[in-house]
Amino acid sequence: MSTIPLTVIGAGKLRAELQEMKTVQRPAVIAAIAEARSHGDLSENAEYEAAKERQGFIEGRIAELESKLSNAQIIDPALLDASGACVFGATIDLQDIANDTVVTYQIVGDDEADIKEGKISISSPISRALIGKYAGDIAEVLAPGGVREYEILGVRYI
């Protein structure tokens with residue numbers, strides 16, 4: 001498996017979720033399985049089946065989180081020295097040339113992306129169009145509605 005880029009904040013969120021899964025959710029589902037077993041016949045016990053299904057989900061998520069964290073390349077945007085280029089972790093101010101609106105995005109890993117928070121995935125079309133560009137450059141993004149042009153107003157590493 002190749003390395004997975006994560007910001008320091010994103011890695012912290014994944015670690016917190018892993019801790020929650022291991023210390024809270026896993027013991028709770030084990031207790032639910034024990035409770036369901038105490039009710040007798042397991043062949044027709046919906047509670048038992050639901051608990052076993054939930055346990056499978058939790059164990060799968062724990063394995064996924066452990067894998068991602070072990071393969072993570074953790075990047076602190078504040079420590080970047082990219083000479084003003086748009087790179088992973090950078091926060092970029094953009095102006096949509098068509099409608100003159102200004103937006104701010106941070107380029108983050110796939111697991112951290114949340115458009116409501118202004119965080120876009122490194123694998124998104126807009127990120128791919130921005131990587132390597134500088135303030136003043138025009139980025140052309142192939143969107144479902146056609147090509148959109150954005151002027152890069154500023155690049156920050158915060």
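Helices and strands here are DSSP runs, numbered from the N terminus, with at least four residues for a helix and at least two for a strand. With that in hand, you can find your way around this predicted model.

**Stop 1: the hairpin loop.** Select Asp100. You'll land in the loop between E3 and E4. That hairpin has five residues between the strands. Colour Asp100 by its backbone angles and you'll see a phi near 65 degrees, which is positive even though the residue is not glycine. Is Asp100 buried or exposed? Its relative accessibility is 54%, and exposed means over 50%, so Asp100 counts as exposed.

**Stop 2: strand E3.** Now select residues 91-96, which make up E3. This strand is mostly covered, with six of its six residues buried. Turn on the side chains next. In a regular strand, side chains alternate between the two faces of the sheet. In E3, Thr91, Asp93 and Gln95 point one way, while Ile92, Leu94 and Asp96 point the other way.

**Stop 3: the neighbours of E3.** Strands of a sheet pair through backbone hydrogen bonds, either parallel or antiparallel. Add E4, residues 102-108, to your selection. How many bridges join E3 to E4? There are five, and the two strands run antiparallel. To see one of these pairings, click on Gln95, whose bridge partner in E4 is Val102.

Then bring in E7, which covers residues 146-156. E7 is also antiparallel to E3, with six bridges joining them. Try two pairings here: Thr91 has Arg156 as its bridge partner in E7, and Asp96 has Tyr150.

**Stop 4: the whole sheet.** Zoom out and show all the strands of this open sheet. There are five, in the order E5-E4-E3-E7-E6, and the pairing is mixed. Which strands are at the edges? They are E5 (119-121) and E6 (138-143), each of which pairs on one side only. Looking across the sheet, the twist averages 45 degrees from one strand to the next.

While you're here, select residues 87-157. UniProt lists this stretch, in an unreviewed entry, as "domain: Transcription elongation factor GreA/GreB C-terminal". Over these residues the chain is 46% strand and 8% helix. Pick the C-alpha atoms at the two ends of the stretch and you'll find them 9 Å apart.

**Stop 5: the largest pocket.** Next, look for the largest pocket, with a volume of about 190 Å³. Of the 14 residues lining this pocket, select the ones closest to its centre: Ile9, Thr91, Gln106, Lys119 and Ile158. Thr91 is one you've already met, as a buried residue of E3. Which element gives the largest share of the lining? That's E4, with three residues. Helix H1 (8-37) is also a contributor, supplying at least two. Colour the lining by class and you'll get six nonpolar, five polar and three charged residues.

**Stop 6: two last residues.** Select Glu66, which sits in helix H2, residues 46-70. Glu66 counts as partly exposed because its relative accessibility is 35%. Now add Arg15. Glu66 and Arg15 are 51 residues apart along the chain, yet their C-alpha atoms are separated by 8.6 Å.

Finish at Ser83, in the loop between E2 (72-75) and E3. Ser83 has a phi near 55 degrees, again a positive value in a residue other than glycine. With 60% relative accessibility, Ser83 counts as exposed.

Notes
Residues numbered from 1 in each chain as written. Predicted model: local features only at pLDDT ≥ 70, side-chain atom pairs only at ≥ 80, totals over all residues. Heavy atoms only, no water. 1 Å grid on protein atoms, 1.4 Å probe; cavity = no way out; pocket = protein on both sides within 12 Å on 5 of 7 lines; lining within 4 Å. Points joined across faces, edges and corners; volume = space filled by probe spheres on them. Nonpolar A, V, L, I, M, F, W, Y, C, P; charged D, E, K, R; others polar. Buried < 20%, exposed > 50% of the residue type's maximum accessible area, 1.4 Å probe, protein only. Pairing = 2+ DSSP bridges. UniProt positions renumbered as here; feature names shortened; annotations may be inferred. Axes fitted to C-alpha atoms, helices over the stretch in contact; angles between N-to-C directions.
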